[in-house]
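Trainee: Please take a single part of this structure and look at it closely, and then place it within the rest of the chain for me. I would like one connected account rather than a list.

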Amino acid sequence: MKVLVTGVAGFIGFHTAKRLCSDGHDVIGIDNLNDYYSVELKQARLSQLAAFPNFQFQLLDVVDKQTLLGLFAEKEFEQVIHLAAQAGVRYSIDHPDTYGQSNLVGFLNVLEACRAHMPAHLIYASSSSVYGLNDHLPYATTDPVDRPVSFYAATKRANELMAHAYSHLYGIPATGLRFFTVYGPWGRPDMALFKFTDAILKGRSIDVYNDGAMSRDFTYIDDIVEGLVRLMPLPPTDEPGGRNKVYNIGFGAPVKLLEFVECIEEALGIRAIKNFMPLQSGEVVNTWADTRELEDRVGFRPQIPVSMGVQSFVDWYRNYYGV
């Protein structure tokens, strides 16, 4: 198939495009290569993808509606995997305008392009952060999601509502994936695993928020990509309100933050110097995905335990940075 992957130089976008290329699809990847984190790391990911003859890259921001529409008209994509977004909960507190442009205007442009050049399936990134102040665990897609605690989370919930409206109005088959704390090789430098590994290796202390009394449903990148790829040939059909569906995609079991740190320490063979901090604005205390709907739909549930996934990241980090 001919597949568009937006945000292809990002963490999840890179791994998704690599898998799709390996599977023999023709992949066109777009990214604006912004400097939210290391552009050098993004370029290194693209260099990996450039080895595939069935991969093409175009420097393009989804906010640029006319160029995006032109690309859709030229390529006639069969599948659209929309992963481009401004990421990060804490960053959204000080830079809300960036999120309004990338996550709201950018997604609207993708929906408009899909309306004009109907693909067989649009899959887009949502986030576990949409659950906000919901305290019912594990999080299920039937739970209320009307109390976000960050603007980032609000934009992701808005994406789900936008997709629902466009699906209802124009018949766009759209699937949203609520990602739960994705980690693994080539991960983002602003994520805990990267920051903790970097700090521990350099002898610096790590900031452990909420005094460590937190847990996350950590999900290894290969498991995320497997679930996504299995969904591609399964667009929603007769959902209430249109051809629109949202799934949780996570490991399905929370891990305490301090246990996560212990996995990093074991993989590195170094003890961390911990700096215990209060809970930060915009953060939730616990996440835990109810993944039964996705498992029923695609016949797969994530397999990689945190200890194995952390070791894989540490091995990549040591190799990439020559540590």
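**A close look at strand β5 and its surroundings**

Mentor: Let me begin with the chain as a whole, which is a predicted model: of the contacts in the protein chain with a separation of 6 or more, 83% are between residues 24 or more positions apart. The chain contains 11 helices and 13 strands, and buried residues account for 55% of its 323 residues. The radius of gyration is 19 Å, which agrees with the value near 20 Å that a compact globule of 323 residues would have, and the C-alpha atoms fill a box of roughly 55 × 45 × 40 Å along the principal axes.

The part I choose is strand β5, which spans residues 121-127 and has 7 of its 7 residues buried. The side chains divide between two directions, with His121, Ile123, Ala125 and Ser127 pointing one way, and Leu122, Tyr124 and Ser126 pointing the other way. Neither direction leads to an exposed residue, since all of these residues are buried, where buried means under 20% relative accessible area. His121, Tyr124, Ser126 and Ser127 are therefore among the buried residues of the strand by that cut-off.

Next come the partners of β5. Strand β4, residues 79-82, runs parallel to β5 and is joined to it by 4 bridges, while strand β6, residues 174-179, also pairs with β5 in the parallel sense, over 6 bridges. Leu122 gives a convenient point of reference for both pairings, as this residue of β5 stands opposite Val80 and also opposite Ala174 in β6. Another parallel pairing in the chain is that of strand β1, residues 2-6, with strand β2, residues 26-31, where 5 bridges are found and Asp26 in β2 is the bridge partner of Lys2. Strand β1 is mostly covered as well, with 4 of its 5 residues buried.

Following the chain onward from β5, one enters the loop that leads to helix α6 (151-170), and Pro138 is found in this loop. The peptide bond that joins Leu137 to Pro138 is cis, with omega at about -5 degrees. This deserves attention, because most peptide bonds are trans and most residues other than glycine have a negative phi.

The second half of that rule also has exceptions further along. Trp186, in the loop between β7 and α7, has a positive phi of about 70 degrees although it is not a glycine, and Trp186 is buried, with a relative accessible area of 10%. Asp211, in the loop between β8 and β9 (215-216), likewise has a positive phi, near 55 degrees, without being a glycine, but Asp211 is exposed, with a relative accessible area of 52%.

Helix α7, residues 192-201, offers a useful companion to the strand with which we began. Of its 10 residues 7 are buried, so the helix is largely enclosed by the rest of the structure. Those buried residues are Leu193, Phe194, Phe196, Thr197, Asp198, Ala199 and Ile200, and their cover includes β7 (182-183), β8 (205-208), α9 (257-268) and α11 (306-321). Just after α7, Gly203 takes a positive phi of about 75 degrees.

As a contrast to these covered parts, consider Gly299, which is found in the loop between α10 (292-298) and α11 and is exposed, with a relative accessible area of 58%. Leaving aside residues up to four places away in sequence, Gly299 touches Arg230 and Leu294. Gly299 and Arg230 are 69 residues apart in sequence, yet their C-alpha atoms are 8.6 Å apart in space.

The outside of the molecule completes the setting. The accessible surface of the chain comes to about 13500 Å², and carbon and sulfur atoms contribute 51% of it. Among the side chains, 28 are positive and 37 negative, and the centres of these two sets lie 1 Å apart.

Note on methods. Residues numbered from 1 in each chain as written. Predicted model: local features only at pLDDT ≥ 70, side-chain atom pairs only at ≥ 80, totals over all residues. Heavy atoms only, no water. Rg over C-alpha atoms; globule rule 2.2 N^0.38 Å. Buried < 20%, exposed > 50% of the residue type's maximum accessible area, 1.4 Å probe, protein only. Contact = heavy atoms within 4.5 Å. Areas by Shrake-Rupley, 256 points an atom, 1.4 Å probe, with all protein chains shown as cover. Lys, Arg positive; Asp, Glu negative; His and termini not counted. Charge placed at Lys NZ, Arg CZ, Asp CG, Glu CD. Pairing = 2+ DSSP bridges.
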